Structures are given as structure tokens and as C-alpha cells.
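Subject: Structure for you to look at

Hello,

Here is the structure I said I would pass on. Please open it first, then read the notes below it.

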Protein chains: 2
Amino acid sequence: MSTTSESSGTPFSAETYFATQLPPPNLDQDVSRVREFVKRQVKEGRRVVLVTSGGTTVPLELNVVRFLDNFSAGTRGATSAEYFLKAGYAVIFMHRQFSLQPFSRHYSHSTHPFLDFLDVNPADTDGHQISVTPVEQAQLLNVLTTYKKVHQTGVLHTLTFVTVNDYLWLLRAVSKELSVLGRNALFYLAAAVSDFFLPRQKMSEHKIQSGKGSLHIEMDQVPKILKPLVNEWTREGFIVSFKLETDPELLIPKSRTALSRYGHQVVIGNDLHRRKFEVVFVSPANSTKPLDDAQPSNFVETWIRIDPAQDPAKEIEEDIVTELGQRHDAWIHALGQ
Amino acid sequence: MSTTSESSGTPFSAETYFATQLPPPNLDQDVSRVREFVKRQVKEGRRVVLVTSGGTTVPLELNVVRFLDNFSAGTRGATSAEYFLKAGYAVIFMHRQFSLQPFSRHYSHSTHPFLDFLDVNPADTDGHQISVTPVEQAQLLNVLTTYKKVHQTGVLHTLTFVTVNDYLWLLRAVSKELSVLGRNALFYLAAAVSDFFLPRQKMSEHKIQSGKGSLHIEMDQVPKILKPLVNEWTREGFIVSFKLETDPELLIPKSRTALSRYGHQVVIGNDLHRRKFEVVFVSPANSTKPLDDAQPSNFVETWIRIDPAQDPAKEIEEDIVTELGQRHDAWIHALGQ
């Protein structure tokens, strides 16, 4: 087998990572916009959820032609963001450039292209020549009305990343900004983040030439970012991470390991092939109370399932968000106990 | 440096590749649709161009979570396809799933989302509540009218690929179908195809576990597919390949090497950072005549440049397609000489 994991030297700590890798050029600008957004939500009394979505890239060259990527269209994040908005949350939607976004996700250029449902007519009295095909009008009117309302009330803020480096710097900065919300902040970390990266210091400047041989890539491990997120950057936020596996046997053990290691509130486990209709919430048995530093040894598993045969239009993210809203509520109210 | 090329064993020939790697599941269906399309174009007397567009992936696992990718939004291919249609060609648009497509490319969800230019109004006498913002009407009407005409006349056929394996199997099959067109077929190979792949036999079944160490990947070289394309699959088509480099010094030497090695008609060289306003056509000095087996030793370079400061709406693909239309014309008429 050509792809193997081997131990090699010391993995990067988060501290070493940020001391040696460069921030993305727009970081300061992005952060100040997030600060404004959060300030407004605090003033208006809204809870805020950070939704991360889509895959991260690992460029192999400084002038990027090739990169490693993680499979993710961004469906989970984009869909969940809509239900969080519906539930009254303000949403920071931090997504991979060109991955699906809330609202426009209903009109993917590949599967439901909007040009297919616009008609050209003779000009009417207002000079309009383009109309929406009757069969599409109701859904589009619904999506469009919600979209416009969300933008008018200013409850959705979008940020984009491409590389795993962009993602790590943004996550650190945004989570620090969210710490002013205390327990009213929810982290919904649905992005498919690379476990590996190529330190800037080891990258080739130009496109790797194919020459006559095979390609060898050796990558370092990405620091475990949940650790400082939970312990330093945002000590009070309710933190939900995701675990995607293709081997169903690994789903629950790996989710438990993550909770033990990082001490956060929920891991949502999903199997690559069943993720559209089945997920499992894994949490420490005492998840509504503040965790002490002791590692949890008892866990609760809650399965959420939908039946697409019964209701093809139902999206599992609706039930995920409802369940999380209740748990977040309990987390907020457990503070004084 | 962690990414290196080294010689190792014998690279895969095209023959070995197709004998050991599996075809994509929809191949037969895709090919029979292409056959119908080509048959109709022959009957209606149109030239046909195969446009390939977007990057290919190299999955690292059989149940894919991680993959290597080549940078490409598909702008060159999608834009060129529109100009080929305008020039009277029938177009087979073979593109990476979710990469840009002709016509819808003008309305990217990230940069020009269509939801932003639809207005909700009180219902008119026909019950219409949605209209197009006045400032967007002219362009949309133009795009939409052309889009509908293209679909009505049946001159655009779209195929999708994801992996480099999909791409190779599709390219072989489609080029064989195009051989019935003789010199009336044009190949415009703008896709960013990986030079490396992981043979199925070496792939990990499940998601690679990150464990405690670094990731090592060793990939094999993709066979040089232009060789059998030119020599076996489609001996008469006019073949244009692309060379993308980040080091300007390599552009012309590498384009010449490709022409010498494969014996096709044009390499369009483009630098990653200048590709929107400058490309170079490299061709053998005798490119309108049938090539004998001798390697060309004299080359002609033709630069095509546009000035975005003069005309921001101008797209370089318009000039690329005009130049290629003339060369293809000469290629067709040189047959009897």
C-alpha cells in the first residue's frame, strides 16, 4: 500500500503552527467584520452559531497548481445554516470558496440550474421579458423571500477559506471574537478539515515537474485545534464537532476518543454512505454541566434518523438543529446551577 | 523538500493502464449518447469540438474522503465553449462535476448570485411575483436567449467526470466516436489533468487514519494519453493541448517538447498568473500539412494578448477560438494537397 501513516518526529503544536505558518492576507479585515457582526447580535440579543462548511485544501506548491482536498460539497453546513436561521440564531457561515451556500444551494448549476426555469416572453407593460416557469414559482418565492429577509435583518455573515491554513487562522480569530458571547455561542464545526498539511518551509516554489518518475509526498500532521479552542480561545461556547468515517465500526469509538481528548460537548458521527438520513450524537453523560478537567468516562449516544421513503423533502439537518437548539438551551441555563 | 519526483520502475503505458484500471460505471451510457450526438452533427453538416474542462481528482481511498486535485475553476473551458458555439461548432463539453459551465458561468453563486437580482413584487395579472432587477435584464436576456437556442438546436452535449480515471476512459471512448468526423473534429483539451494517480490496487479501502504520524503518499505516473490519441484513436482530428506553468521560463520549451513527443497540432501555453490576458500558440512550422512520423524541429510561436484596461468585458477566449477556427479550416482544406 502506498499511503501509510508513520510516526515521525514531533507533531506541530497549535502554538508552533501559528508561530511558523503565515496568516492569510485578508485576516484582519475578515476579523473586524466578524467583530461588528457579533457586536450587533449581542446588542440585539441573538445567539450566534459559527457554521464551518466544505473541505480544506493542502497546496503542494507555493504557486498552487496541485493540492490535496477533502471530499465535501458543503451540503451539511449550508442546509444546517438555513435551519439555524429559522431557529432564530445569527449565523456566521465560514465556508470553502465555491462550496454550497444557504439558499442558493437549492439551485445548483449542475442539478437544478436556474437558467432552465426562466422563460423569455414578449415584453409586458413594464418592459419585463423574463418570467419564472409556473411550476418553479412557489419554491423560488419561498427561498427568495427568506433570503431577502435574512439579508435585511443582517443575521447571516459569510466568510470564505480555501486552504487548511486559511481555515486554522480564521477559526482561531473568529472563536476569540465569539468568546464575548459566553454561553450564547454555538460552534458547529462541519467543515471537512485536512488532518495533514505541508509546512510552507517544505513547499516547492513552482509546479512540481512530472519528469520520469513517481510522486512522493510527505505531509505533517495538522495540530489538534479543538484542544486550544476548548481550553483557551472560547471557554464557554457550546462546541459540536463532526466525525466522518467510512468504516461504521470506528464511528462511536472515535467520537468518544475525541470527546475524551478535547473535553467539548457533542461529536456528531456520520457514515459517508448514510449521512443523509442517519447521524449519531455522542456526548459525555454530564454534558449540560460545565466539564471539569477530568476526562469523561460515560457517554450517551443519541441516534437521529429520517425515512426518505416516507417524506422525500425532509432534511435531516432540521432534526439535528432542533436537537442542538435544545441542548444549547440547557447548556445556557445550567450555568448558575 | 518533501515533494520529489524520482524514477521508479516502469511507468504505466496507456495499454497497461486500461488493462488494469476499471472503467467508470456509466461509460457505456455516456458513449452511446455521444454517438447519437455525433451522428446528428454529421447529418447536419457541423464541425464538432470536444472541450475538456476543469481539474481531475486522484482519490487516495476507495471510499473516497481525501483526494489530490488540480487547480481549475473551468473558466477557460466554459468560456471557450460559448465562443465555439457562436462560431458554429457543435460542442461536446466534458467537464469536472461542479466546475463552471457555459452560460451559467456568468452567474456564479459566489460572485454574481442570481438570487441577488430577482425582486419580489405584488402579483401581476398573470400571477407573477418575481421579476429581474432592471440593471440585470439586458445581460440575462442575452445569456438566456442564447442558452435556449443552443438547447433547442441540440448543439451542446455535456459530460461530467470527477477522477483522472473517469477522464482517461471518457477521453479514449469519445475520441474514438469523433473519428467518424475525420478532419472535422477539433480537440480542445483544456482540462487540468493530473500527471499522477494511485492505482486501484494500491488504494486503502477506508479513510486513512491520521494516527500519530505524518502522511506518505507515493503515486504512479499517468500514461501520456496524447500519444495514443494522436496515433490510434483519432488520426485525423485537429488536436490542441494546453500547458500551464508557473515558471515563465519553462512555457515554450515544455510546449515544444510536447509537440515533438506527441506529434499533434497546437500547444497553447499559459502562465498561471497571466492566463486571462496572454497565451502563446506553439505549433510545428508545417502544422497545416499532415505530419509524417519525423519529429518537428522548427516551431512557430504566436502570442495572443488582450488589454483588460482598454476593454474590461473582452475575453481572451474569443480570440483563441477565432485563431483556432482559422487553423482548423486550413487543416481541413489542406487534406487534398
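B:Ser241 has B:Val267 as its bridge partner in strand β13 of chain B. The model is a predicted one, so please keep that in mind while reading. The bridge belongs to a parallel pairing of β12(B), residues 238-245, with β13(B), which runs over six bridges. Helix α7, residues 251-262 of chain B, joins these two strands in a right-handed β-α-β unit.

β13(B) also pairs with β14(B), residues 278-284, this time in the antiparallel sense and over three bridges. There, B:Ile268 stands opposite B:Phe281. The two strands form a hairpin, with six residues between them.

Is β13(B) mostly covered or mostly open? It is mostly covered, as six of its six residues are buried. On one side these are B:Val266, B:Ile268 and B:Asn270, and on the other B:Val267, B:Gly269 and B:Asp271.

Next, the aromatic rings. Over all chains there are 27 aromatic pairs. One of them is A:Tyr17 with A:Phe18, edge-to-face, at 5.4 Å centre to centre and 80° between the planes. A:Tyr17 is buried because its relative accessible area is 1%, under the 20% cut-off. Another pair, A:Phe114 and B:Phe114, is stacked because the planes are at 20°, under the limit of 30 degrees; the ring centres are 4.2 Å apart. This pair crosses between chains, from loop to loop, each loop lying between β5 and β6 of its chain. Both residues are buried.

A:Tyr17 and A:Phe18 also belong to a cluster linked by ring pairs, which includes A:Trp169 and A:Trp233. A:Arg172 lies over the face of A:Phe18, 4.1 Å from the ring centre.

Regards

Notes
Residues numbered from 1 in each chain as written. Chains lettered and ligands numbered in written order. Predicted model: local features only at pLDDT ≥ 70, side-chain atom pairs only at ≥ 80, totals over all residues. Heavy atoms only, no water. Buried < 20%, exposed > 50% of the residue type's maximum accessible area, 1.4 Å probe, protein only. Helix = DSSP H or I, 4+ residues; strand = E, 2+ residues; numbered from the N terminus. Pairing = 2+ DSSP bridges. Right-handed = clockwise from strand over helix to strand, strands pointing away. Phe/Tyr/Trp six-rings, centres within 6.5 Å; stacked < 30°, edge-to-face > 60°. Lys NZ or Arg CZ within 6 Å of the ring centre and 35° of its normal.
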